[in-house]
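Trainee: Got a minute to go through this one with me? Let's start with the cysteines.
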Amino acid sequence: MKHFMAMLKKNENEHPPPTKLLDLAGQLCQGLQSSSPSLEKLVGAMMGCKNKGYFLTNIHVVRACVSVHIHNGRHDAACRLLEYSKAEEKEELVQLWHEIHYWRIMEKHQTDFLTLLQKFRCRKRNPPPISLCPEGLKTRNYSKEVRQHLRRFAVEVTANPNKKQREELARGMNLQPTQVYNWFANYRRRQKS
């Protein structure tokens, strides 16, 4: 830690900072426990320097910063940090985004865990920003063409296709047979109600 602090002070005006310094920051963040005073000191030093944007390219540094912010109840600061992070591990950043919001809800309701439904609702209410998933959120909905084709088959042929029909439909629309089976089960359920 002392070695890192000395290197940080020595290289505070270098743009970009040496790769060795960035790697050491990631290793330290990975090794320290999330609520330790040493981690808070380390994060404070990195976020207080002119080169903080370079440190935010390392996923371990980003995770440590988010952890410190959550531990101190600064959820908005953690979200802003994620929005401007340049780390390439986008899926992990999205997961951190969701965890921040889970913590916020757990603190609000004074509980230690959330049910799957609460987590689902939390993710729906707090979608990650475009900067974290530029290609958009992955959705489980099928395209309009696929839905129309399945609906047409249900109306014109049968709403309860056998295994062979499901496999043919799945092959024709690049889906798994299980997906086709579930779509028809949901379709029948919707028709009853």
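Trainee: Is C79 buried or exposed?
Mentor: C79 is buried, because its relative accessibility is 6%. Buried means under 20% relative accessible area, exposed over 50%, partly exposed in between, with a 1.4 Å probe and protein chains only. This is a predicted model: local features need pLDDT of at least 70, side-chain atom pairs count only at pLDDT 80 or more, and totals for chains, interfaces and linings use all residues. Residues are numbered from 1 along each chain as its sequence is written, and side-chain values use heavy atoms, leaving out hydrogens and water.

Trainee: And how many disulfides are there?
Mentor: Zero. A disulfide here is a pair of cysteine sulfur atoms within 2.5 Å. C79 is in none, and its nearest cysteine sulfur, in C122, is 9.8 Å away.

Trainee: Why is C49 not bonded to C65?
Mentor: Their sulfurs are 10 Å apart, so they are too far for a bond. C65 holds the closest cysteine sulfur to C49. C49 counts as buried because its relative accessibility is 13%.

Trainee: New topic. Which domains is the chain divided into?
Mentor: Domain 1 (1–132) and domain 2 (144–192). The bounds come from an automatic or database domain assignment. Their C-alpha centres lie 44 Å apart.

Trainee: At what angle do α9 and α11 cross?
Mentor: Roughly 60 degrees, with the axes coming within 11 Å. Helix α9 covers residues 144–156 and helix α11 residues 177–192.

Trainee: Which residues make that contact?
Mentor: From α9, R147, L150, R151, F153, A154 and V155. From α11, V180, W183, F184 and Y187. Contact means heavy atoms within 4.5 Å.

Key
Axes are lines fitted to C-alpha atoms, for helices over the stretch in contact, and angles run from 0 to 180 degrees between N-to-C directions. Helices (H or I, at least four residues) and strands (E, at least two) are DSSP runs, numbered from the N terminus.
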